[in-house]
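Colleague: Could you pick one helix in this model and take me through it closely? I'd like to know which of its residues are buried and what covers them, with a bit of the whole chain for context.

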Amino acid sequence: MFDFDKKVNRYGTYSIKYDPASWGKPDDVLPMWVADMDFPAPECVVDALTKLARHGVFGYSEPDAAYFETVQNWFSRRFNWSVEREWLTITPGVVNALYIAVRALTQEGDGVVIQQPVYYPFEGAVRHTGRKLLVNQLVFEDGKYIIDFDDFEQKISQAKLFILCSPHNPVGRVWTVDELTRMGEICLKHNVTVIADEIWQDFIYTGHRHSVFSALSPKFSDITITATAPSKTFNLAGLQHANIFIPNKELRRKFKQEYRASGMSQPGLAGLVTCKAAYDHGDEWLDALLIYLADNMRLINSFLHERLEKIKLIEPQGTYLAWLDCSALGLSDLDDVILNKAKLWFNDGERFGVGGKGFTRINAACQRDVLKEALIRLESGVGFAVGAR
């Protein structure tokens with residue numbers, strides 16, 4: 001019913017993913033780096049955007065009651081999370097919201113905890129605003145990432161803010177209720193506010209379940225800003241739209257004050273229209289997509305097991321990102337080999353901070369033929385580099 005194998009030419013469409021020259025990359029690389037999908041948005045979204053375009057008037061916009069009801073229903077039926085209308089602030093994106101929250105809730109020099117290796121804008125939101133970076137490094141043990149809770153509490157005790165990545169990018173962990181609860185209790189103990197980046201919440205594989213951090217306890221809800229968006233789920237990143245939920249009135253006041261100070265006001269009309277369409281009518285498409293992505297992950301795993309045994313796929317519990325352990329290759333120039341020998345544009349693991357060296361991240365949200373080509377290129381390029389040593 002949904003043809004995820006159909007290829008779409010993205011060159012010449014202002015896509016940062018498919019413009020290697022502007023990033024100083026060779027023209028002949030296969031781009032599988034930035035986290036947007038190569039699949040078109042579902043027809044319900046395209047139809048809604050087409051209807052908007054044909055209307056022809058694109059003035060200032062605000063969400064109405066019907067928009068909020070749609071968003072409320074989405075979180076209720078997919079996550080059993082009940083949200084209130086007054087909690088909602090719409091921003092151009094989750095990263096934008098991270099910067100706003102850091103500025104709104106901390107002062108220069110205040111400590112902010114992140115868990116590296118993690119999505120690199122987390123570190124940017126701390127360093128670029130003059131805050132103190134505190135890293136609770138995730139522990140890679142027996143092929144899985146876990147939290148060092150002793151170190152977590154030691155770092156939290158020095159902090160004002162904790163940025164949680166749930167599910168975690170790039171390592172693919174879906175945190176359990178026990179893990180989330182333990183982190184939450186530590187944050188409560190030390191009076192630390194939590195920004196929960198849950199943009200990947202819709203990408204969960206069989207055997208795992210995403211738990212909304214704020215929904216686990218009224219006490220957690222009172223200290224949490226939850227950042228969500230339809231952008232990853234329905235491939236809408238270019239429409240610049242995120243739904244941010246803040247139950248605590250004082251946190252919400254501070255966030256909105258900083259948001260207004262940035263010169264932002266009404267959300268974009270296209271973002272409102274497409275988010276509503278996707279959340280109203282996109283469930284079936286998303287469920288089919290998850291099956292396709294799971295098959296892509298199985299393809300990566302079987303290919304590596306059969307033909308590239310020194311590279312290990314860290315089992316993805318969530319996201320569409322494949323986090324590969326390449327440390328057994330013994331390559332000090334791993335990213336250079338992948339780029340210039342394999343002709344692949346991946347995300348170098350070191351970019352995600354401490355614990356990322358020797359790893360690389362692949363965006364697996366692509367057509368299966370493209371993924372197969374990438375794996376063959378990887379085999380050829382790595383084999384050439386290792387054999388030359």
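Modeller: Quick definition before the surface numbers: accessible areas here come from the Shrake-Rupley method with a 1.4 Å probe. On that basis the chain exposes about 17100 Å², and carbon and sulfur atoms supply 49% of it. Bear in mind that this is a predicted model.

Now the context. The chain has 13 helices and 15 strands. Its radius of gyration is 21 Å, close to the 21 Å from the globule rule for 389 residues, so the chain is as compact as a globular protein of that length. Along the principal axes, the C-alpha atoms fill a box of roughly 60 × 55 × 40 Å. Of the 389 residues, 56% count as buried. Take the contacts with a separation of 6 or more: residues 24 or more positions apart account for 74% of them. As for charge, there are 43 positive and 49 negative ones, and their mean positions sit 3 Å apart.

The helix I'd zoom in on is H5, residues 149-156. Its buried residues are Phe149, Phe152, Lys155 and Ile156, with buried meaning under 20% relative accessible area. These residues cover an arc of only 120° around the axis, which puts them on the same side of H5. The general background is that an α-helix has 3.6 residues a turn, so residues three or four places apart point the same way.

And what lies over that side? The cover on the buried residues of H5 includes three strands, E3 (111-114), E4 (132-135) and E7 (159-165), along with helix H6 (177-189).

Notes
Residues are numbered from 1 along each chain as its sequence is written. This is a predicted model: local features need pLDDT of at least 70, side-chain atom pairs count only at pLDDT 80 or more; totals for chains, interfaces and linings use all residues. Side-chain values use heavy atoms; hydrogens and water are left out. Helices (H or I, at least four residues) and strands (E, at least two) are DSSP runs, numbered from the N terminus. The radius of gyration is taken over C-alpha atoms; the globule rule is 2.2 Å times the number of residues to the power 0.38. Buried means under 20% relative accessible area, exposed over 50%, partly exposed in between (1.4 Å probe, protein chains only). Contact means heavy atoms within 4.5 Å. Lys and Arg count as positive and Asp and Glu as negative; His and the chain ends are not counted. The place of a charge is taken as NZ of Lys, CZ of Arg, CG of Asp or CD of Glu. The arc is that of the directions from the helix axis to the C-beta atoms.
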